[in-house]
Amino acid sequence: MLVKFVKYEGAGNDFILIDDRGEVFRPGARHIAALCDRHFGIGADGLMTLRRSAELDCSMRYYNADGSAGEMCGNGARCFALFAEHLGIGGETKFFDATDGVHTAHIRRAQGPAGEIELGMINVSEIRSGDGWWCLNTGVPHYVEMVHDVDGIDVNGRGRGIRYDTGRFPQGTNVNFVEVTGNGAIRMRTYERGVEHETLACGTGATAAAIITNYALQHGTTKYRIQVPGGELIVGFTHEAGTQNYTNIRLTGPARRVFSGVFETDNF
């Protein structure tokens, strides 16, 4: 079977997008991993399918680069929203579901292949902490550690050790190292579970990093610019002082269509 795909990227996080409104694309984990392989496949940090929804504009399902099912991906969801825009689905604000719940995505700008998307994230109401680290779920679990110099961190080495620390994190976790550079300004590098390597950006990680910077250090700041290796992301939220309750969380950043093509399922 021939399958059409489109490649998108958001701040350097890259994804394979497939319009599966006909519900005929049913790959296994091995096939998804082969498609995401950067040497023998298309190459991507993850794969998403777009399907119809009875009550919303569409439905998103996300798969990690290793073929495992993922709950949510912030940069991926912004690319997904722009993909829907390019397909003519929904209005200026898209309503879609992912494994972690219903999301909204506002198309702030869309011109040709590129755009800027503001994505609504799930609320946060529980933050765990340990000796110099915090853990929370922003759609997927995230570990956050503050460091003095993010460039000096062995992200893959240290990140892999924390990601597989099943004593603290039985289901594994994404790992973020965060350097505060000013009020409302941070730098971040991320080891992503499912990719099993450092990525150029992580939207759910940027969200986690902004929330923890507010929670631990900058209590009055509710909007952050996060510099990641692939560009810049913006996170804003509402926080109920003295609590772990974060609502109206918005992740804003770029998305871009890179290229499209066709692959044969028998080849993967």
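A residue counts as buried when its relative accessible area is under 20%, as exposed when that area is over 50%, and as partly exposed in between. Keep this cut-off in mind, because Glu 196 has a relative accessibility of 19% and therefore counts as buried. The structure you are looking at is a predicted model, and Glu 196 is one of several residues we will visit in it.

## The whole chain

Let us begin with the overall picture. The chain folds into four helices and 17 strands. Its C-alpha trace spans about 50 × 40 × 30 Å along the principal axes. How does the radius of gyration agree with that of a compact globule? For 268 residues, a compact globule would have a value near 18 Å, and the chain has 18 Å, so the two agree.

Of the 268 residues, 51% count as buried. The chain exposes about 11500 Å², and carbon and sulfur atoms supply 47% of that area.

You can also ask which parts of the sequence meet in space. Among contacts between residues at least 6 apart in sequence, 62% join residues at least 24 apart. As for charge, there are 26 positive and 32 negative charges, and their mean positions are 3 Å apart.

## Inside the cores

Which residues have the most contacts inside the largest nonpolar core? They are Met 60 and Ile 226, in a core of 53 residues. Helix 2, which covers residues 74–86, gives the most to this core, with seven residues. There is also a second, separate core of 14 residues, which includes Ile 16, Phe 25, Ile 32 and Ala 44.

Now look at Met 60. Setting aside residues up to four places away in sequence, Met 60 touches Met 48, Thr 49, Met 72, Ala 77, Phe 80, Phe 96, Asp 97 and Ala 98.

Next comes Ile 226, which you will find in strand 15, residues 223–228. Is Ile 226 buried or exposed? Its relative accessible area is 0%, so Ile 226 is buried. Not counting neighbours within four places in sequence, the contacts of Ile 226 include Ile 186, Met 188, Ala 206 and Ala 210. Gly 231, Glu 232, Leu 233 and Val 235 are also in contact with Ile 226. For a sense of scale, try finding Phe 83: its C-alpha atom is separated from that of Ile 226 by 24 Å, and the two residues are 143 residues apart along the chain.

## Two residues in strand 12

Strand 12 (residues 174–182) holds Phe 177, and Thr 181 has its place in strand 12 too. Phe 177 counts as buried because its relative accessibility is 0%. Thr 181, at 47% relative accessibility, counts as partly exposed.

Their contacts are worth tracing on the model, again leaving aside neighbours within four places in sequence. Phe 177 is in contact with residues including Glu 145, Val 147, Val 150, Ile 153, Val 155 and Arg 158. Gly 159, Ile 162, Arg 187, Met 188 and Arg 189 are also among the contacts of Phe 177. Thr 181 touches Ile 186 and Arg 187, not counting residues up to four places away in sequence.

Another residue to find is Gly 157, which has its place in helix 3, residues 155–163. At 35% relative accessibility, Gly 157 counts as partly exposed.

Here are some C-alpha to C-alpha distances that you can check on the structure.

| Residue pair | Separation along the chain | C-alpha distance |
|---|---|---|
| Phe 177 and Ile 249 | 72 residues | 21 Å |
| Thr 181 and Ile 32 | 149 residues | 38 Å |
| Gly 157 and Glu 198 | 41 residues | 9.7 Å |

## Two glutamates with positive phi

Finally, take a look at the backbone of two loops. Glu 23 has a phi near 50 degrees, which is a positive value in a residue other than glycine. Where is Glu 23 found? Glu 23 sits in the loop between strand 2 (13–19) and helix 1 (29–36). With a relative accessibility of 37%, Glu 23 counts as partly exposed.

Glu 196 brings us back to the start. Its phi is near 60 degrees, again a positive value in a residue other than glycine. Glu 196 lies in the loop between strand 13 (185–192) and strand 14 (197–199). Glu 196 counts as buried at 19% relative accessibility, since the cut-off for buried is under 20%.

Notes
Residues are numbered from 1 along each chain as its sequence is written. This is a predicted model: local features need pLDDT of at least 70, side-chain atom pairs count only at pLDDT 80 or more; totals for chains, interfaces and linings use all residues. Side-chain values use heavy atoms; hydrogens and water are left out. The radius of gyration is taken over C-alpha atoms; the globule rule is 2.2 Å times the number of residues to the power 0.38. Buried means under 20% relative accessible area, exposed over 50%, partly exposed in between (1.4 Å probe, protein chains only). Contact means heavy atoms within 4.5 Å. Accessible areas come from the Shrake-Rupley method with a 1.4 Å probe; for residues, only the protein chains shown count as cover. Lys and Arg count as positive and Asp and Glu as negative; His and the chain ends are not counted. The place of a charge is taken as NZ of Lys, CZ of Arg, CG of Asp or CD of Glu. A nonpolar core is a set of buried Ala, Val, Leu, Ile, Met, Phe, Trp, Tyr and Cys residues joined through side-chain atoms within 4.5 Å.
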